[in-house]
Amino acid sequence: MTKPLVAIRSVSKSFGEFQALKNVSLDVWPGEVMCLIGASGSGKTTLLRCINQLTTIDAGGIWLDGELLGVREQGGRLHRLSEQQIGRQRLKTGMVFQRFNLFPHKTALENITEGPTQVQGRKADEVRAEALELLRRVGLAAKADSYPAQLSGGQQQRVAIARALAMKPMLMLFDEPTSALDPELVGEVLAVMKELAKSGMTMMVVTHELGFAREVADRVVYMDQGAIVEQGRASDVLGAPREERTKAFLSAVI
Amino acid sequence: MKPAPALAEGFPDLSGMRIAREPHWFRWLSAALIVLVLAAIARAFANGQIEWSYVGRFLTVKVILEGIVNTMVMAVLAMMLGIFLGIVVAIMRLSPNPVLKSVAAGYTWLFRGTPLILQLLLWFNLALVFPTIGIPGLWSARAVDVMTPFLAALLGLGINQGAYTSEVMRAGMLSVDVGQYEAAQAIGMGRLRALRRIVLPQAMRVVIPPLGNEFIGMVKATSLASVIQYPELLHNAENIYYANSRVIELLIVAGLWYLLVVSILTPLQMLLERRFARGTLRPAR
């Protein structure tokens, strides 16, 4: 029997008074492409950030590849993991940010090789060859020596995807990857993501691109006020929503 | 209304007309005034009790040249110590550990809160507090032998500089977008590696102008080490005028050397700024 790659159980998170996640539980299966939709403040980005531990959860647990994240159980209590252990757990996930967050002082190629050489300690020439291959895959073979400031938003985001893939993650997390892009640049990034989905990568995508969700997602999860309201096949959730709140959101977005 | 392609009448063609040059009377007048004032000052000094031939003669005398070399050696070493301490303290200050944070804040408070000349005198006179220093059982020495003017000046200037530099560094690190930390963490980097590989190189661009400022300050602050017998430029100039009583002449010699060094440092700083501006200033290819 296959196990979920990500198991989220009763996760809660507050920022001061604001409750960003309320008792959320969810499974993500290997090879699945999941799109998280919902209004801003609904908790979808927070959920994503909890999985790669940029945000620490207040209660509940998240298992990735069978391993409990961020804490270990001992003697009936939970103890926080060290920074090194958390860093090691993070290697299983790749994160793509809304604002790209490329390293501006490094070229496209250096952005991609930084993690494998510095963190994983792999050989420079081997990593370089892989990085060039990744750049080719995202259609930017010619831009290896360009700095981020010399690239368009869409190109930067594609480099960021290559940077995340270079760590050979089991799970790719996309936090509104096209929200900061000019409309004419959205397509090139979505195309790369579609290709990635076809290759069998497990993906969690926070997005407002409902067209992309309809076409690529195996499952769509609609969140509101820190909770999952409705989930299911894309055609069901987007085409024939059951919940009133989902209907209201979809009619407001489209 | 006329059809769109036709343009309305009454707006003459201005192409081919040049923009006239303005006379700028006030600029000429004020420049002339300043030249007059400067000439008056120069005349006053020329007729004053200054033997300019002494200035020329002592400008390149061996003791003065040794002094400027010692000044520069001390300024560079103390600045290096200051930058090292500054980075360490800034990292401590931004760490989540309350112990490190308090130690860093205390260091800045103590060394920024007392005059530099007082700190130099304290280091130099450390032997009055601890006649012998060392590691119990392993090594010990008389403090007077260890605390030479050189070491006292280096510690005094460097540690004081570290307190100021830490604030410059902290500002630089805070100027780097928080998304850069997150991106570094997302590829598995720990805090220190993210600081060293990602944040500090970007912070350097921001901190070089204030650090250049601090270094120029340091070159001049070394003159305070004259009070603890460190043979830097001012100390050596004083030694000469104690012997020949040409006080003003030798102070002018020292002043000219400080001006020369600072004038050379400014273009060097610009070169350094260009080096760290990688990825920000180049035109798109």
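Helices and strands are taken here as DSSP runs, a helix having at least four residues and a strand at least two, and both are numbered from the N terminus. The exercises below concern a predicted model.

**Exercise 1. Find what share of residues 68-269 of chain B is helix and what share is strand, and how far apart the ends of the span lie.**

Solution. Begin with the record: an unreviewed UniProt entry gives the annotation "domain: ABC transmembrane type-1" to residues 68-269 of chain B. Next, take the secondary structure of that span, which is 79% helix and 4% strand. Finally, compare the two ends, whose C-alpha atoms lie 20 Å apart.

**Exercise 2. State which residues of chain B carry the annotation "transmembrane region", and describe residues 67-92 and residues 116-139.**

Solution. The unreviewed UniProt entry places this annotation on residues 25-46, 67-92, 116-139 and 250-272 of chain B. Over residues 67-92 the chain is 100% helix and 0% strand, with the end C-alpha atoms 37 Å apart. Residues 116-139, by contrast, are 54% helix and 21% strand, and their end C-alpha atoms lie 30 Å apart.

**Exercise 3. Decide whether B:T71 is buried or exposed, and list what B:T71 touches.**

Solution. First locate the residue: B:T71 belongs to helix α3 of chain B, which runs over residues 62-93. The relative accessibility of B:T71 is 0%, so the residue counts as buried, the cut-off for that class being under 20%. Leaving aside neighbours within four places in sequence, the residues in contact with B:T71 are B:V219, B:T222, B:E232, B:L233 and B:Y258. With B:L233 there is a further detail, since the side chain of B:T71 reaches the backbone nitrogen of that residue at 3.0 Å.

**Exercise 4. Describe the contact between chain A and chain B by its residues, its buried area and its salt bridges.**

Solution. Count the residues on each side, which gives 26 from chain A and 25 from chain B. The size of an interface is often expressed as the accessible area lost when the parts come together. For chain A and chain B the buried area is about 2300 Å², and carbon and sulfur atoms give 52% of it. Then turn to the polar side of the contact, where there are two salt bridges between the chains and seven residue pairs in polar contact, both residues being at pLDDT 80 or more. On the side of chain A that touches chain B, the elements giving two or more residues are α2 (83-90), β8 (93-96) and α3 (108-119) of chain A. The largest share, four residues, comes from α3(A). Sorted by class, this side of chain A has 11 nonpolar, eight polar and seven charged residues.

**Exercise 5. Find how far apart the closest N and O atoms are in the salt bridge of A:R49 and B:E182, and say whether each partner is buried or exposed.**

Solution. The closest N and O atoms of A:R49 and B:E182 are 2.5 Å apart. This pair crosses between chains, from helix α1 (residues 44-51) of chain A, which holds A:R49, to helix α9 (residues 178-186) of chain B, which holds B:E182. A:R49 has a relative accessible area of 16% and is therefore buried, and B:E182, with 15%, is buried as well.

**Exercise 6. Examine the salt bridge of A:R242 with A:E230 and that of B:R93 with B:E167, and state where the partners lie.**

Solution. In chain A, the side chains of A:R242 and A:E230 meet at 3.9 Å, N to O. A:R242 sits in the loop between α8 (234-239) and α9 (244-253) of chain A, while A:E230 is in strand β12 (residues 227-232), and the partners are 12 residues apart. Their surroundings fall into opposite classes, because A:R242, at 59% relative accessibility, counts as exposed, whereas A:E230, at 4%, counts as buried. In chain B, the closest N and O atoms of B:R93 and B:E167 are 3.1 Å apart. B:R93 lies in helix α3 and B:E167 in helix α8 (residues 149-174) of chain B, so the pair ties together parts that are 74 residues apart in sequence. B:R93 counts as partly exposed, at 25% relative accessibility.

Conventions: Residues are numbered from 1 along each chain as its sequence is written. Chains are lettered from A and ligands numbered from 1 in the order in which they are written. This is a predicted model: local features need pLDDT of at least 70, side-chain atom pairs count only at pLDDT 80 or more; totals for chains, interfaces and linings use all residues. Side-chain values use heavy atoms; hydrogens and water are left out. UniProt positions are given in the numbering used here, feature names are shortened, and annotations may be inferred rather than shown by experiment. Contact means heavy atoms within 4.5 Å. Buried area is the accessible area (1.4 Å probe) that two parts lose on being put together, summed over both. A salt bridge is a side-chain nitrogen of Lys or Arg within 4 Å of a carboxyl oxygen of Asp or Glu. A polar contact is a pair of N or O atoms within 3.5 Å; within protein, one must be able to donate a hydrogen and the other to accept it, and residues adjacent in sequence count only if both atoms are side-chain atoms. Ala, Val, Leu, Ile, Met, Phe, Trp, Tyr, Cys and Pro count as nonpolar, Asp, Glu, Lys and Arg as charged, and the others, Gly among them, as polar. Buried means under 20% relative accessible area, exposed over 50%, partly exposed in between (1.4 Å probe, protein chains only).
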